[in-house]
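Colleague: I'm new to this one and would like to start small. Please take a single part and go through it closely, then work outwards from there.

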Amino acid sequence: MATPDRQATTLALAHALSAAERGLAVIPLSRTKLPALRSPHRDDPGPAPCHGECGRFGHGVHDASTDPARIRALFAAAPWATGYGIACGLPPHHLIGIDLDTKSGTDSSAALRELARRHLFTIPATVVVRTPSGGRHLWLSGPPDVVVPNSAGRLAPGIDVRGAGGYLVGPGSRTEHGVYTTAPGTAHLPPAPCPPALLRLLLPPPRTDRPAPPSPAGGHGRGLVQFVLAAHEGQRNTRLFWAACRAYEAGLGPALVEPLVEAARDTGLTEREARATIASAARMTGHRP
Ligand SMILES: [Zn+2]
């Protein structure tokens, strides 16, 4: 009974060590894809402010390391681990994971291609990890001075982003759903730099003079229109796209098409550009333009 698990743990450790050799910081994961080691503060009252300063294991992604001795110690403390997680956002790669899901019934690969077409970037050749459910993780590297947040479905339905504080299940991991593997021919590629146009989409909307990003529901979308109106050259299309996505998600899409087109024209976009961007936002959020 214990033998297959021990074998899975040994395999996971071997894969984790080889990831660490490439500069990727790792933690052991259980079959459920969660960090294998539980928090030593789990019985403390209130939220634990500790990120490992106490010196014990069990701080999730904060335990991640590239040091083989520490990795062996982490796995020794979690002999039930059958996989490993790779921490995102850490030097030297500042890894960003683009998680293309298949569960939601949406074609997330097509959605990514559509984003690439609209925002004029190409998906570079890079490490691709296949998940047991038929999904794919694209590994990209980010610039050191940019913090990419985790997000779920913000880029498009079915596309999650793993950034700072997040982790990716490493290839060679065994979970209760099966094994993660690298797509043929991609295992030895370095994580490719994230295309700048994609990186912009991964970042929170640019700050305005206003204290917070507009809430779609507030004032029947007036905040979204203001958000577009306040765009500087270079962010007009991105802001319009962002606002239109939020509008469609809030059920205000059809009502806001004309006000958003007007606002976009005020910032200097042509009507045609504005309508194309809004139509793309509609498709991206699962609506008919
Ligand atoms: Zn602690």
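Modeller: Let's begin with a yardstick: a residue is buried under 20% relative accessible area, exposed over 50% and partly exposed in between, using a 1.4 Å probe and protein chains only. One caution before we go on: this is a predicted model, in which local features need pLDDT of at least 70 and side-chain atom pairs count only at pLDDT 80 or more, while totals for chains, interfaces and linings use all residues. Numbering starts from 1 along each chain as its sequence is written, and side-chain values use heavy atoms, with hydrogens and water left out.

My pick for the close look is Arg162. Its relative accessibility is 23%, so Arg162 counts as partly exposed. You'll find Arg162 in strand E7, residues 159–162; strands here are DSSP runs of E with at least two residues, helices are runs of H or I with at least four, and both are numbered from the N terminus. Setting aside residues up to four places away in sequence, Arg162 touches Cys88, Leu95, Ile96, Gly97, Asp99, Asn150, Tyr167 and Leu168, where contact means heavy atoms within 4.5 Å. Take Leu95 from that list: Arg162 and Leu95 are 67 residues apart along the chain, yet their C-alpha atoms are separated by 8.4 Å.

Leu95 is a handy stepping stone, since strand E3 covers 95–100. In the loop between strand E2 (83–87) and E3 sits Pro92, and the peptide bond from Pro91 to Pro92 is cis, with omega near 0 degrees. The loop between E2 and E3 also holds His94. His94 isn't a glycine, but it has a positive phi of about 50 degrees. With a relative accessible area of 13%, His94 is buried.

Is there a contrast to look at? Try Leu120, in the loop between helix H3 and strand E4 (128–130). Leu120 is another non-glycine with a positive phi, this time about 60 degrees. Unlike the buried His94, Leu120 is exposed, at 77% relative accessible area.

H3 leads us on to helix H8, as H3 (108–118) is one of the elements that the buried residues of H8 pack against. The others are strand E6 (151–156), helix H6 (236–249) and helix H7 (253–267). H8 runs over residues 271–284, and its 14 residues reach 20 Å from first C-alpha to last, close to the 20 Å expected at 1.5 Å a residue; that expected span is 1.5 Å times one less than the number of residues. Among the buried residues of H8 are Ala274, Thr277, Ile278 and Met284. After H8 comes Gly286, with a positive phi near 80 degrees.

Now for the domains, whose bounds come from an automatic or database assignment. That assignment gives domain 1 (1–87), domain 2 (88–203) and domain 3 (218–284). The C-alpha centres of domain 2 and domain 3 lie 27 Å apart. Their contact takes 11 residues from domain 2 and 11 residues from domain 3.

There is a metal site too. The zinc ion is coordinated by His41 (NE2), Cys50 (SG), Cys54 (SG) and His59 (NE2), at 2.0 to 2.2 Å; a donor is an N, O or S atom within 2.8 Å of the metal (3.2 Å for Na, K and Ca), and sites may look incomplete with water not among the atoms. Angles between these four donors run from 103 to 116 degrees, so the arrangement is tetrahedral, a label that needs all angles between 85 and 135 degrees. Along the sequence, the donor residues are spaced H-x8-C-x3-C-x4-H. His41 is buried at 11% relative accessible area, and Cys50 is buried at 16%.

Finally, step back to the whole protein. Its secondary structure comes to eight helices and 12 strands, and 48% of its 289 residues count as buried. The C-alpha atoms fill a box of roughly 65 × 45 × 30 Å along the principal axes. The Arg162–Leu95 pair, 67 residues apart, fits a broader count: among contacts between residues at least 6 apart in sequence, 71% join residues at least 24 apart.

Conventions
Four donors count as tetrahedral if all angles lie between 85 and 135 degrees; four count as square planar and six as octahedral if opposite donors are over 155 degrees apart and all others between 65 and 115; anything else is irregular.
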